Structure formats: C-alpha cells, structure tokens
Amino acid sequence: MRHYEIIFMIHPDKSEKSNTIVTNYTNIIKKFSGKIHRLEDWGKRHLSYPINKLKKAHYILMNIEISQKNIKKIENLFKFDDAIIRNMILSMKTAVLEVSSILKENNVESNKKESIVIKKIN
C-alpha cells in the first residue's frame, strides 16, 4: 500500500453536491481496501486562471493509503466524472495527518474577522 495526496476541484455549479461527491469517493476508496488519513474541504476558491470559462471551483484535499493498481482506477473515475474539473494525485513517502496550511490560514483569517466584529460591537 502506498500513500497518496489527492486534490480535486469540483465544478462550482455542483458545489452544493460536494458532500455527496466526497462520500462517493470515500466509499470507493474503502471498497478498494484503502484508508483515508486526512480529508479537508477547502470550499469555493478563486482559480489562478479560468478553466472552461470558470473563475471559481470547490476544492477537496484527501490523503489516502491504497494500492497502486487501485489508484489508477480512481484516477480513471476522476477523468470521466463531469463534476470534477481538475485533479492532482501525488505520491507521498508517509501518511500526512496534520491540518494543511491552507486550512490553518482560513481559520486564522476567520478568527481575525470575528475579533474585528467583536471590537466593533464593544
């Protein structure tokens, strides 16, 4: 079994179905005897450049452990899924368990916004 990091972008029109899409892929990974070490929903984010005239996409990050044969099957499923705009699968040396820097950054920004609102109220 090998470790992989998967980032995929969901079409913004299908963003409300992101939980269903993620659940579908987690079930597929478990069906292939894989393990999910980390699953993060980064939400809708601006793209660096337009993809198929889209300026935003819903980002999902997964760190999984699965066989090489089965990761090819998952890659093939991404290719033919209309909801997935882009995907990237990276091979990792070890399992990554800590929170990603992007999610940490989002939490820090949301805490700053909350403290600004509290300061304005007082």
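How much area does the chain expose, and what share of it do carbon and sulfur atoms supply? The exposed area is about 8300 Å², of which carbon and sulfur atoms supply 52%. The legends below describe a predicted model.

**Figure 1. Overview of the predicted chain and its order of helices and strands.** The chain contains three helices and four strands, arranged along the sequence as β-α-β-β-α-β-α. Of its 122 residues, 38% count as buried. Among contacts with a separation of 6 or more, 75% are made by residues 24 or more positions apart.

**Figure 2. Strand β1 and its two antiparallel partners, β3 and β4.** Strand β1 spans residues 2–10, and eight of these nine residues are buried, so the strand is largely enclosed by the rest of the structure. Nine bridges pair β1 with strand β3 (residues 54–66) in the antiparallel sense. Within this pairing, Y4 has I64 of β3 as its bridge partner. Strand β4 (residues 84–92) also runs antiparallel to β1, and eight bridges join the two. Here the bridge partner of F8 is N87 of β4.

**Figure 3. Helix α2 and the division between its buried and exposed residues.** Helix α2 comprises 12 residues, 68–79, and reaches 17 Å from its first C-alpha to its last, close to the 16 Å expected at 1.5 Å a residue. The helix buries N70, I71, I74 and F78. Seen down the helix axis, the buried residues of α2 fall within an arc of 105 degrees, so they line one face of the helix. These buried residues pack against β1, α1 (18–31), β3 and β4. The face of α2 turned away from the buried side carries the exposed residues K69, K72 and K79.

**Figure 4. The tilted ring pair of Y25 and F78.** A search of the whole structure finds four aromatic pairs. In the pair shown here, the ring centres of Y25 and F78 are 4.8 Å apart and the planes stand at 40 degrees, so the pair is tilted. Because Y25 belongs to helix α1 and F78 to helix α2, the pair ties together parts that are 53 residues apart in sequence. Both rings belong to buried residues: Y25 has a relative accessibility of 3%, and F78 has a relative accessible area of 2%. Ring pairs also bring in F8, linking F8, Y25 and F78 into a cluster. In this cluster, F8 is the residue bridged to N87 of β4, while F78 is among the buried residues of α2.

**Figure 5. The stacked ring pair of W42 and Y59.** The ring centres of W42 and Y59 lie 6.3 Å apart with the planes at 25 degrees, so the pair is stacked. W42 is in strand β2 (residues 35–51) and Y59 in strand β3, so this pair ties together parts that are 17 residues apart in sequence. W42 counts as buried at 12% relative accessibility, and Y59 counts as buried at 14%.

**Figure 6. S15, a buried residue in the loop between β1 and α1.** The loop that contains S15 lies between β1 and α1. S15 has a relative accessible area of 12% and is buried, because the cut-off for that class is under 20%. Leaving aside neighbours within four places in sequence, S15 is in contact with I10, K44 and H58.

**Figure 7. S33 and N52, two loop residues with positive phi.** S33, although not a glycine, has a positive phi of about 65 degrees. The residue lies in the loop between α1 and β2 and counts as exposed at 54% relative accessibility. N52, also not a glycine, has a positive phi of about 50 degrees. The loop that holds N52 is between β2 and β3, and N52 is exposed, with a relative accessible area of 66%. Both values meet the criterion for exposed residues, which is over 50%.

Note on methods: Residues numbered from 1 in each chain as written. Predicted model: local features only at pLDDT ≥ 70, side-chain atom pairs only at ≥ 80, totals over all residues. Heavy atoms only, no water. Buried < 20%, exposed > 50% of the residue type's maximum accessible area, 1.4 Å probe, protein only. Contact = heavy atoms within 4.5 Å. Areas by Shrake-Rupley, 256 points an atom, 1.4 Å probe, with all protein chains shown as cover. Pairing = 2+ DSSP bridges. Expected span 1.5 Å × (residues − 1). Arc of directions from axis to C-beta. Phe/Tyr/Trp six-rings, centres within 6.5 Å; stacked < 30°, edge-to-face > 60°.
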